[in-house]
Amino acid sequence: MTTSVLLVDDHELIRHGLAGAFTRDAAFTVAGQAGTIADALAVATAAQPDVVVIDLQLPDGSGLDLVRALRKDRKDQGLVVLTMYAGDEQIFAAMDAGASAFVGKDAPSTEVIGAARHAAVSPLSFTCAGLPEAMIRRMSSATPRLSDRERQVLDLLADGLGVAAIAGKLYISESTAKTHIAKVYEKLGAANRAQALVAAMRAGLIDTSAAPR
């Protein structure tokens, strides 16, 4: 049995190029082509393809709207997002919408076919070549970046020390200690010590056994 594929892209040349690539692979058959969301929904309803390859930018809306609509109707359908806008935001948006795979248009046709093969077998499992790096960037950007001195100040705040005691521990003036504390609060989005410690614990900056005082 072959895997049927529906190609959705508003550029005819791209659709024909993809159709040629899939046709050359004996494991696939092209069930249809569409250039808009409306046409794609009609063809998908009639042909019931195993996999749909979807451009992110379509004349009548976002390809993610099509992904959501198709995923709502079928959990067993592979949905591959193909786009020239392959940034982190687009990757996570495709994953959240229910796509099976995400591929940049600058990728070779073999990668698109590989993504379609994955989508047919594991439609609810998301794959993207750039996902690991995107996850690292998301995690690092979500964690406040404190300087070494600010980390020291945060640890002392967690120990319950006040401004004077922190200044004495670090051999700095009280005004400098206040400046560091204010900067820690700012980076953690906190207005006081208790909020700062809760935010720091959530971000993994201090041990969860530390309690606001």
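Biologist: Why is alanine 31 called partly exposed?

Modeller: Buried means under 20% relative accessible area, exposed means over 50%, and partly exposed means in between, with a 1.4 Å probe and protein chains only. Alanine 31 has a relative accessible area of 32%, so the residue counts as partly exposed. This is a predicted model, in which local features need pLDDT of at least 70 and side-chain atom pairs count only at pLDDT 80 or more, while totals for chains, interfaces and linings use all residues. Residues are numbered from 1 along each chain as its sequence is written, and side-chain values use heavy atoms, with hydrogens and water left out.

Biologist: Where does alanine 31 lie, and which residues does alanine 31 touch?

Modeller: Alanine 31 belongs to strand β2; strands (E, at least two residues) and helices (H or I, at least four) are DSSP runs, numbered from the N terminus. Not counting residues up to four places away in sequence, alanine 31 is in contact (heavy atoms within 4.5 Å) with Ser4, Val5, Ala47 and Pro49.

Biologist: How do you know that β1 and β2 pair?

Modeller: Two strands pair if DSSP finds at least two bridges between them. Strands β1 (residues 3-8) and β2 (residues 28-34) have six bridges in the parallel sense, so they satisfy this rule. Valine 5 has valine 30 as its bridge partner in β2. The path from β1 to β2 passes through helix α1 (residues 12-23), and this β-α-β crossover is right-handed: with the strands pointing away from the viewer, the path from the first strand over the helix to the second runs clockwise.

Biologist: What links β1 to β3?

Modeller: Four bridges join these parallel strands, and valine 51 is the bridge partner of valine 5 in β3.

Biologist: What makes β1 a mostly covered strand?

Modeller: Six of its six residues are buried. Thr3, Val5 and Leu7 point one way, and Ser4, Leu6 and Val8 point the other way.

Biologist: Why is the pair of aspartate 55 and lysine 105 called a salt bridge?

Modeller: A salt bridge is a side-chain nitrogen of Lys or Arg within 4 Å of a carboxyl oxygen of Asp or Glu. The closest N and O atoms of aspartate 55 and lysine 105 are 3.4 Å apart, so the pair qualifies. Aspartate 55 lies in strand β3 (residues 51-55) and lysine 105 in the loop between β7 (101-104) and α5 (109-121), 50 residues apart. Aspartate 55 is buried at 4% relative accessibility, whereas lysine 105, at 26%, is partly exposed.

Biologist: How many salt bridges does the structure hold?

Modeller: There are seven. One of them joins arginine 74 to aspartate 76, with 3.0 Å between the closest N and O atoms. Arginine 74 counts as buried at 16% relative accessibility.

Biologist: How do you know that arginine 71 has no salt bridge?

Modeller: Lys and Arg count as positive and Asp and Glu as negative, while His and the chain ends are not counted. The nearest side chain of opposite charge, aspartate 76, is 6.3 Å away from arginine 71. That distance does not meet the salt-bridge definition, so the buried arginine 71 has none.

Biologist: What does the side chain of arginine 71 reach?

Modeller: Arginine 71, in helix α3 (residues 63-73), reaches the backbone oxygen of proline 123 with its side chain at 3.1 Å.

Technical notes
Polar contact = N/O pair within 3.5 Å; in protein donor to acceptor, adjacent residues only side chain to side chain.
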